[in-house]
Amino acid sequence: MYLAPQIFSMNKLTHFLGIFSFLALLTSCQDEQRRGFVEPPRDYAAQRAVDNDSLLTFLRNRFYNYEEYQNTASDKLVSFTIDTIKGENASKTPLIDQVNQINIKIKDADDVYHDHTAYILTLREGVGTSPTVADSVFVTYKGMLLNLTKFDERTSPVWFESLSVVKGFGALMPYIKKAAIPTVNTDGTYSFNGFGSAAVFMPSALGYYNRISAGGIPAYSPLIFAVDLYTYKTTDHDGDTVSTHLEDVDSDGYFDDDTDSDGVPNYRDVDDDNDKILTRNEYDKNNDGTPDDTDNDGTPDYLDND
Ligand SMILES: [Ca+2]
Ligand SMILES: [Ca+2]
Ligand SMILES: [Ca+2]
Ligand SMILES: [Ca+2]
């Protein structure tokens, strides 16, 4: 892949390294109480069918500016746009032929899981590794509704904690590769080359579902995000040396696992099994890179209180 010498630049190392932006529009839960609700929430299975029909109809009848992506140097940001297949655009390739389907578990109020389908579109491959759903990501993005109303956009990179944004946004992250290691320019700014870009078309259950977003997004809106990924940081929210993405013990995509049932989820709990030995002191004592299991019972020491 051609790696152009410059993308765009940012001032200051501190900007690059760690000022997190938490845009109110994207936050998924902490503002719930301040926002409007539509009561009662619709049945997940019924809404899933409605949303998936809307998404499939959309993907069959729309195309994106793939020619612009093909014809633009890989260091230049392209604004993701979508249009209808008709008239002079009648021969464009429909999105449905370019997306990949992924299934994400959604847990309802009764802790019953429902698989919801999202559609992923790779816009640019990217050259680096991919973050997990739990990492902090440095991105530019555009958010749209299926009527193509743009409800949010950032063209200068911002940091997001994937766990604090809507589920479908985080779910996209493992499908995007980050840029090459940034280069420092003579003026002290940074350039990212070879960044990956991808879009997700998600049902409302992976977005705001019955909540009415502060950004004016109606309840039960399927969402579209196109995201460009520059870099990311693996998170360890409780500093216990276990990366947050590994603290989803049952791998269900929810970080509410609470091994010792003390009300503090593992990813926020410095002693996951409440045996009074800090996780950081029993996770990997022999430093072989895997969790220790002294009594060989299949449960690693840090989750095993005997
Ligand atoms: Ca941790
Ligand atoms: Ca879990
Ligand atoms: Ca706990
Ligand atoms: Ca412990």
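Buried means under 20% relative accessible area, exposed means over 50%, and partly exposed lies in between (1.4 Å probe, protein chains only).

## Model and conventions

This is a predicted model, in which local features need pLDDT of at least 70 and side-chain atom pairs count only at pLDDT 80 or more, while totals for chains, interfaces and linings use all residues. Residues are numbered from 1 along each chain as its sequence is written, chains are lettered from A and ligands numbered from 1 in the order in which they are written, and side-chain values use heavy atoms, with hydrogens and water left out.

## Confidence

pLDDT is the predictor's confidence in each residue, from 0 to 100. The chain has a mean pLDDT of 88, and 87% of its residues reach 70 or more.

Two stretches have pLDDT under 50 throughout. For residues 1-25, the model has 74 contacts (heavy atoms within 4.5 Å) beyond four places in sequence. For residues 28-34, the model has nine contacts beyond four places in sequence.

## Overall make-up

The chain contains five helices and 13 strands. Helices (H or I, at least four residues) and strands (E, at least two) are DSSP runs, numbered from the N terminus. Of contacts between residues at least 6 apart in sequence, 67% join residues at least 24 apart.

Of the 306 residues in the chain, 51% are buried. The accessible surface is about 14,500 Å², and 49% of this surface belongs to carbon and sulfur atoms. Accessible areas come from the Shrake-Rupley method with a 1.4 Å probe, and for residues only the protein chains shown count as cover.

## Calcium ion (ligand 2)

Donors are N, O and S atoms within 2.8 Å of the metal (3.2 Å for Na, K and Ca); water is not among the atoms, so sites may look incomplete. The calcium ion (ligand 2) has protein donors from D248 (OD), D250 (OD), D252 (OD), Y254 (O), D257 (OD) and D257 (OD), at 2.2 to 2.8 Å. The spacing of these donor residues in sequence is D-x1-D-x1-D-x1-Y-x2-D.

The angles among the six donor atoms of the calcium ion (ligand 2) run from 50 to 162°, and the site is irregular. Under the criteria used, four donors count as tetrahedral if all angles lie between 85 and 135 degrees; four count as square planar and six as octahedral if opposite donors are over 155 degrees apart and all others between 65 and 115; anything else is irregular. Ideal angles for six octahedral donors are 90 or 180 degrees. Two of the donor residues can be placed by accessibility: D248 is buried at 9%, and D252 is buried at 7%.

## Calcium ions (ligands 3 and 4)

D258 (OD), D260 (OD), D262 (OD), V264 (O) and D269 (OD) coordinate the calcium ion (ligand 3) at 2.2 to 2.4 Å. Their spacing in sequence is D-x1-D-x1-D-x1-V-x4-D. D262 is partly exposed, with 37% relative accessibility, whereas D269 is buried, with 6%.

The calcium ion (ligand 4) is coordinated at 2.1 to 2.3 Å by D271 (OD), D273 (OD), D275 (OD), I277 (O) and E282 (OE). Here the donor residues follow the spacing D-x1-D-x1-D-x1-I-x4-E. D273 and D275 are both buried.

## Salt bridges

A salt bridge is a side-chain nitrogen of Lys or Arg within 4 Å of a carboxyl oxygen of Asp or Glu. The whole structure holds seven salt bridges. One of them pairs K92 with E67, with the closest N and O atoms 2.7 Å apart. K92 lies in the loop between strand 4 (82-84) and strand 5 (100-107) and E67 lies in helix 3 (residues 66-71), so this pair ties together parts that are 25 residues apart in sequence. K92 is buried at 18% relative accessible area, and E67 is partly exposed at 38%.

K285 and D301 also form a salt bridge, at 3.7 Å from N to O. This pair links distant parts of the chain, 16 residues apart, with both K285 and D301 in the segment after helix 5 (279-282). K285 is exposed, with a relative accessible area of 53%, whereas D301 is buried, with 8%. In another salt bridge, D75 and K76 have their closest N and O atoms 3.3 Å apart. D75 is buried at 6% and K76 is partly exposed at 43%. A network of salt bridges links K107, D252 and D256; D252 is also a donor to the calcium ion (ligand 2).
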